[in-house]
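Colleague: Got a minute to go through this one with me? Put it up and let's start with the cysteines.

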Amino acid sequence: MTLKDKDTTMFGTKIYNCKTDKTGILLYTWTNTYADGDVPFAKCVDIDGKVYNTPMDDISPIEE
């Protein structure tokens, strides 16, 4: 399986996930294609070490 528009330029960016209320690190982004449109997604890892996929709308970068 290949990911559509896989992009690793934001690798290592600290993020805040508003759905889980946890911080984490972004690994890469890609476009998830559904029947009714494309949705930008991200693969992240949270502070507990859990790797998950989430829509980009649910996360925001943390600036230090």
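Modeller: First the cut-off: a disulfide is a pair of cysteine sulfur atoms within 2.5 Å. Also, this is a predicted model, where local features need pLDDT of at least 70, side-chain atom pairs count only at pLDDT 80 or more, and totals for chains, interfaces and linings use all residues. Residues are numbered from 1 along each chain as its sequence is written, and side-chain values use heavy atoms, with hydrogens and water left out.

Colleague: Fine. How many disulfides does a search of the whole structure find?

Modeller: Zero. Cys18 is in no disulfide, and its nearest cysteine sulfur belongs to Cys44, 11 Å away.

Colleague: Is Cys18 buried or exposed?

Modeller: Partly exposed, at 48% relative accessible area. The cut-offs: buried is under 20% relative accessible area, exposed is over 50%, partly exposed is in between, with a 1.4 Å probe and protein chains only.

Colleague: And Cys44, buried or exposed?

Modeller: Buried, with a relative accessible area of 0%.

Colleague: New topic. Where is Thr20?

Modeller: Thr20 is in the loop between β2 (14-17) and β3 (22-34). Strands here are DSSP runs (E, at least two residues), numbered from the N terminus. Thr20 is partly exposed, at 44% relative accessible area.

Colleague: What separates the C-alpha atoms of Thr20 and Ile59?

Modeller: A distance of 9.7 Å, with the two residues 39 apart along the chain.

Colleague: What about Asp21, in that loop region? Where does it sit?

Modeller: Asp21 is in the loop between β2 and β3. Asp21 is exposed, with a relative accessible area of 55%. Its phi is positive, about 60 degrees, although Asp21 is not a glycine.

Colleague: What is phi for Asp5?

Modeller: Near 60 degrees, a positive value in a residue other than glycine. Asp5 is in strand β1, residues 4-7. Asp5 is exposed, at 51% relative accessible area.

Colleague: Over to Thr29. Which strand is it in?

Modeller: Thr29 is in strand β3.

Colleague: Is Thr29 buried or exposed?

Modeller: Buried, because its relative accessibility is 12%.

Colleague: Which residues does Thr29 touch?

Modeller: Leaving out residues up to four places away in sequence, Thr29 touches Asp5, Lys6, Asp7, Phe41, Ala42 and Met56. Contact means heavy atoms within 4.5 Å.

Colleague: So Asp5 turns up again there.

Modeller: Yes. Asp5 is among the contacts of Thr29, and Asp5 is the exposed residue in strand β1 that we just discussed.

How values were computed: Helices (H or I, at least four residues) and strands (E, at least two) are DSSP runs, numbered from the N terminus.
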